[in-house]
Amino acid sequence: MTAITVDSRPSAGEPPARISMRRTLRHGLTLAWRNVSQLKHSPEKLLDTTLMPIVFLLLFLYVFGGAVAGDTHSYLQQLLPGLVAQMAMFATMGLGTALNEDIHKGVFDRFRSLPIARSAPLLGTVLGDTVRFITVMTVLVAFGSVLGFRFHTDPLSVIAAFALAYVFYLAVCWISVLVGLVAPTPETVQGLAFIWVMPLTFGSSILVPDTSTMPGWLEAWTKVNPITHLAESVRALTVGGPVGNHVWYTLAWAAGIVVVTFPLAMRMYSRRA
């Protein structure tokens, strides 16, 4: 009887059974650059992140400034660091919509035929969205400076504040990725995103640093809300004040979000793509 042997080595064009973390990161960065390159041909995709910080800053500053701080200049020093946290949250919402559209167009089906890491397409989508974060933060700080905002700490503290916001932003991006994978159509992504973004952002100390005037149940929520910890961290690192444990709570929340949402996103990606 002739024995039949099966060659278990991957053939040309097939991805290897196990891809190293280094190659996975390289694949993700390559796909991230693809997403960034697309913005050259469709710069209107950054229109919302360009106008959003200007609209929110003007609206909140002149509506709440006198009532909360007595004058708009004092309130601006409290508001802008808080808006760093809010804009980081809102900027992730477009990621889920773009991901859902790519899946419906069959883009991710083509990715799966490539000899790349299975997580590389999602990793590239998240890393490529860094441009959106940089855009919204640059516009927010630049326009805030025109209105009179000034940093009151050293440059390293300011860099640490935005680095912390970026780390949290990347973590929250995975929630947006999960929403984009779960939503049946791109039109429903925004609606689902608002359901979890609105309570987190407005039920925090972003607009009102002193939460003692809130009802007991709402004040209790703001104390555990990760957006509160991020906003208070950015305030302390940019305009001064005690940092406390806010930075560690923010990092812990970011790690927890990734640990929970990344495996779920990969499972949904295997089903959808």
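**Entry 1: a cut-off, and Val139**

I take a residue as buried when its relative accessible area is under 20%. With that in hand I looked up Val139 in this predicted model, and because its relative accessibility is 17%, Val139 counts as buried. I found Val139 in helix α7, which covers residues 130-147. Leaving out residues up to four places away in sequence, I noted that Val139 touches Thr50, Pro53 and Ile54. For one of these, Ile54, I also looked up the backbone spacing: the C-alpha atoms of Val139 and Ile54 are separated by 7.4 Å, although the two residues stand 85 apart along the chain.

**Entry 2: the whole chain**

I then stepped back to the overall fold, and I count twelve helices and zero strands in the protein, so that the order from the N terminus is simply α-α-α-α-α-α-α-α-α-α-α-α. Along the principal axes, the C-alpha atoms fill a box of roughly 90 × 40 × 35 Å. Of the 273 residues, 48% count as buried. The accessible surface comes to about 13900 Å², and carbon and sulfur atoms hold 67% of that surface.

I also asked how far along the chain the contacts reach: among contacts with a separation of 6 or more, 79% are between residues 24 or more positions apart. For the charges, I noted 19 positive and 14 negative ones, whose mean positions are 11 Å apart.

**Entry 3: Val234**

I looked up a second valine, Val234, which is found in helix α11, residues 226-239. Val234 has a relative accessibility of 1%, and therefore counts as buried. Leaving aside neighbours within four places in sequence, I find Val234 in contact with Pro81, Val84 and Ala161. Ala161 is 73 residues from Val234 in sequence, yet the two are 5.0 Å apart, C-alpha to C-alpha.

**Entry 4: helix α4 and the loop before it**

Does helix α4 come out at the expected length or at another one, given its 13 residues? At 1.5 Å a residue, the helix (residues 93-105) should span 18 Å, and because its end C-alpha atoms are 19 Å apart, I record that the two values agree. The buried residues I noted in α4 are Met93, Gly94, Leu95, Gly96, Thr97, Leu99, Asn100, Asp102 and Ile103. After α4 comes Gly106, and I read its phi as positive, near 85 degrees.

On the other side I looked at Thr92, which lies in the loop between α3 (72-91) and α4. Thr92 is buried, with a relative accessible area of 0%. Not counting residues up to four places away in sequence, Thr92 touches Tyr169, Val172, Cys173, Ser176 and Trp196.

**Entry 5: helix α6**

How many of the nine residues of helix α6 are buried? I find seven, so the helix (residues 120-128) is largely enclosed by the rest of the structure. The buried residues are Ala120, Pro121, Leu122, Gly124, Thr125, Val126 and Gly128.

**Entry 6: aromatic rings**

I searched the whole structure for aromatic pairs and found ten. One of them is formed by Phe56 and Phe60, a tilted pair with 5.4 Å centre to centre and 50 degrees between the planes. Both residues lie in helix α2 (residues 47-69), four residues apart, which is about one turn of the helix. As a reminder to myself, an α-helix has 3.6 residues a turn, so residues three or four places apart point the same way. Phe56 is buried at a relative accessible area of 17%, and Phe60 counts as buried at 6% relative accessibility.

Another pair is Phe90 with Phe194, which I record as edge-to-face, with 6.3 Å centre to centre and 70 degrees between the planes. Phe90 lies in helix α3 and Phe194 in helix α9 (residues 186-202), so this pair ties together parts that are 104 residues apart in sequence. The two partners have separate burial labels: Phe90, at 8% relative accessibility, counts as buried, whereas Phe194, at 36%, counts as partly exposed.

Finally, I traced the ring pairs onward, and they link Phe56, Phe60, Phe64, Phe90, Phe194 and Phe202 into a cluster.

Conventions. Residues are numbered from 1 along each chain as its sequence is written. This is a predicted model: local features need pLDDT of at least 70, side-chain atom pairs count only at pLDDT 80 or more; totals for chains, interfaces and linings use all residues. Side-chain values use heavy atoms; hydrogens and water are left out. Helices (H or I, at least four residues) and strands (E, at least two) are DSSP runs, numbered from the N terminus. Buried means under 20% relative accessible area, exposed over 50%, partly exposed in between (1.4 Å probe, protein chains only). Contact means heavy atoms within 4.5 Å. Accessible areas come from the Shrake-Rupley method with a 1.4 Å probe; for residues, only the protein chains shown count as cover. Lys and Arg count as positive and Asp and Glu as negative; His and the chain ends are not counted. The place of a charge is taken as NZ of Lys, CZ of Arg, CG of Asp or CD of Glu. The expected span of a helix is 1.5 Å times one less than its number of residues. Rings of Phe, Tyr and Trp (its six-membered ring) pair if their centres lie within 6.5 Å; planes under 30 degrees apart count as stacked, over 60 as edge-to-face and the rest as tilted.
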